[in-house]
Amino acid sequence: MCGIVGYVGNRPALPILIEGLKRLEYRGYDSAGVAFAGADGVTVTKSKGRISVLEHVLDYSEDATTGIGHTRWATHGAPNDLNAHPHLDSAGQLALVHNGIIENYAALRQYLTSLGVEFKTDTDTEVLVQLISKLYEGDLEQSVKKALKEVRGTFGIAVVSSHEPGVIVAARSGSPLLVGVGDGEYILASDASAILAHTKQVIYLEDNEVVRVCKDGIRTTTIDNVPVTKEIEEIEWTLEQIELGGYEHFMLKEIFEQPAALRNCMRGRIISSEGTVHLGGIADVSRELTRAKRIILTACGTAWHAGLVGEYLFEDLVRVPTEVEYASEFRYRNPIIEDGTIVLAISQSGETSDTSAALREAKQRGALALGVVNVVGSSIARATDAGVFLHVGPEIGVASTKAFSGQVAVLAMLACYMGRRRHMSQGAAAEFLEALERIPDQISSILEQNDACKAVAEANINQDNWLYLGRGYQYPVALEGALKLKEISYIHAEGLPAAEMKHGPIALITDDMPVVFIATKGTQYAKIIGNIEEVRSRGGRVIAVATEGDTQIEKLADSVIHVPDTLEPLQPLLSVVPLQLIAYHAAVLRDCNVDKPRNLAKSVTVE
Ligand code: G6P
């Protein structure tokens, strides 16, 4: 979703802002803009569409060394030139970029209109810049603070003004913001990828903190003017990790990175021969975990699918009642949190607004709040009592792939960690962990079948409705396979527990409808073969993901992709890979923008 970049220092700001904005493109956006503050006024250039469009209208003689930039994902007001950020006050002396939503914007707009302010845009953001301008009494930082006290909602903002040309004032509440610390320069951003090319030293702002930066220094205070001492932290990601490295798309790169990503995720955490898992981030709460009476997993999108695998894992290995909840539902229900309840938020970005709110709700009700998060320093990671990082590296493609594998791997390790502290034997844990350690190599062998997956996509590319069916541990994979296909190729796809097909969806099956069965060997193999027969007899095209050496299924399916055998609870880590590849090739064949699918955002920071 929306992205913020800001620069103060000795270099011209424009190229740094544009480079930063390009690094944020993956988050999803529909317009972009930049603003520069000079003593004689503020200049703003903005336009609907891609950053390449903005580049065509920019004045490259701009040499200001202070500036802010923004990519907007429309919420209030259409995605057009006018509604693009930065927004200016009526006097043209203040420019502001904003991520988040100002919930009481209508009341504030009415109030400001009654004072004679004329609004130019349909956005909620413009009220903020106009309000700061109205409250300005010679100190930009103080007027920003005064204005923010009147605002309800979420914000990450950055403001420049011709009153203080070498200064950026920025603040956050519910929307991420960090400050990269360079040599005589500061780069503000809503996402670390925008600053990595310049520095790895970073200060993370917390909610209700305001920062004033100029090239000589940085000052952090709360909205109520209490000084805050911030630590400089180091970003562990590298620049290469956020670049394509020879791949055509980030999604393909990230699918192929899965063996290495999972090795990193497991490194130093498993001693398989002893049946032991070490998870440093939860060591302090291990006794609470051992005594847990109930586990609630909460997440959105792909992370929710990983959570569903987690539900099966925790029931099998930990034997604790477990449920998985959509974060958007959990946060607004009246959830029952009893003593001994653990709420575990799963989120790649650590910024998803619903997941973050669900976690807050759970904490308020006394649950132990855990996180399974990829982005270190993210809002959710900071809000948890304890947690486990994925360590799979940055994920840029909007369609989540390696983060899903990382989430499932972490949940598997966590289930084993807790299981061992309850009733799981050392031998059973050793067998489980040895199988987990084999997964990266097994994924590599699946990746060698990339061409076979492409052939499946080619053979079915003209079909507009697909079904994905699985049972047990493969049911979440069916959901994930369908989601991957629809989000990037715009083909309609549904994932279901295979047995549910008979309760409605079977009516959809007509000649040539692709039905993807995740039909690996396991406890429900015979049942799923029965479901395949039902589809065949109605003319559907059967695409099967099956276990290596399964020859029976070749007689029943139109196409088969084989995956190596593993323990049933770990099968999702393997069977999801061909489905990611099929979705990828379908999107390429349909000429879709794989890494930036329409209307979608990598990190959904609004409700
Ligand atoms: C968006 C992304 C999905 C992701 C979901 C949850 O919808 O497009 O890929 O699964 O958000 O994101 P999170 O960062 O919380 O895992």
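Through how many residues does a hairpin join β2 to β3? The points below concern a predicted model, and the first of them takes up this question.

1. **The β2–β3 hairpin.** The hairpin that joins β2 to β3 does so through two residues. Strand β2, residues 31-38, runs antiparallel to β3, and eight bridges join the two. One of the paired positions can be located easily in the structure: S31 has K48, in β3, as its bridge partner.

2. **The antiparallel sheet.** Strands β2 and β3 belong to an open sheet of eight strands, whose order is β3-β2-β4-β1-β10-β9-β11-β14 and whose pairing is antiparallel. The edges are held by β3 (41-48) and β14 (233-234); each has a single partner strand, so one side of each is left without a neighbour in the sheet. As a general point, side chains in a regular strand alternate between the two faces of the sheet.

3. **The β14 edge.** At this edge, β14 pairs with strand β11, residues 201-204, in the antiparallel sense over two bridges. Q201 has its bridge partner in β14, namely E234.

4. **Two backbone features in loops.** The peptide bond from H85 to P86 is cis, with omega near 0 degrees. P86 is placed in the loop between β4 (66-72) and β5 (87-88). A second point for inspection is N208, which is not a glycine and yet has a positive phi of about 65 degrees. N208 is found in the loop between β11 and β12 (209-214).

5. **The parallel sheet.** Another open sheet consists of five strands in the order β23-β22-β24-β25-β26, and here the pairing is parallel. Its edge strands, β23 (492-497) and β26 (559-563), each pair on one side only. From one strand to the next, the twist averages 15 degrees. Strand β25, residues 541-547, pairs with β26 in the parallel sense over five bridges. Within that pair, the bridge partner of T547 is V563 in β26. Helix α16 packs on this sheet and touches β22 (465-470), β23 and β24 (514-518). The direction of α16 makes about 175 degrees with that of β23.

6. **Helices α9 and α16.** Helix α16, residues 474-489, also packs with helix α9, residues 301-318, at an angle of about 170 degrees, with the axes 9 Å apart. The angle makes α9 roughly antiparallel to α16, because angles over 145 degrees count as such. On the α9 side the contact involves G301, T302, W304, H305, L308, V309 and Y312. These meet Y475, P476, L479, E480, L483 and K484 in α16. By class, the contact has eight nonpolar, three polar and two charged residues.

7. **Helices α7 and α14.** How do the axes of helix α7 and helix α14 cross? Helix α7 (residues 258-266) and helix α14 (residues 426-447) have axes that come within 8 Å and cross at roughly 170 degrees. That makes α7 roughly antiparallel to α14. From α7, the contact draws on Q258, P259, L262, R263 and M266. From α14 it draws on L436, E437, I439, P440, D441, I443, S444 and L447. Eight of the residues in this contact are nonpolar, two are polar and three are charged.

8. **The ligand surroundings.** Which residues come nearest to the ligand? There are 13 residues around the ligand, and S347, Q348, S349, T352 and A601 come nearest. For S349, a polar side-chain atom lies 2.6 Å from an oxygen atom of the ligand. Backbone atoms also take part: a polar backbone atom of T302 is 3.0 Å from an oxygen atom of the ligand, and a polar backbone atom of V398 is 3.1 Å from an oxygen atom of the ligand. T302 thus appears in two of these points, since this residue is also among those of α9 that meet α16.

Definitions and conventions. Residues are numbered from 1 along each chain as its sequence is written. This is a predicted model: local features need pLDDT of at least 70, side-chain atom pairs count only at pLDDT 80 or more; totals for chains, interfaces and linings use all residues. Side-chain values use heavy atoms; hydrogens and water are left out. Two strands pair if DSSP finds at least two bridges between them. Helices (H or I, at least four residues) and strands (E, at least two) are DSSP runs, numbered from the N terminus. Axes are lines fitted to C-alpha atoms, for helices over the stretch in contact, and angles run from 0 to 180 degrees between N-to-C directions. Angles under 35 degrees count as roughly parallel, over 145 as roughly antiparallel, 65 to 115 as roughly perpendicular and the rest as oblique. Contact means heavy atoms within 4.5 Å. Ala, Val, Leu, Ile, Met, Phe, Trp, Tyr, Cys and Pro count as nonpolar, Asp, Glu, Lys and Arg as charged, and the others, Gly among them, as polar. A residue is near a molecule or strand if one of its heavy atoms lies within 4 Å of it. A polar contact is a pair of N or O atoms within 3.5 Å; within protein, one must be able to donate a hydrogen and the other to accept it, and residues adjacent in sequence count only if both atoms are side-chain atoms.
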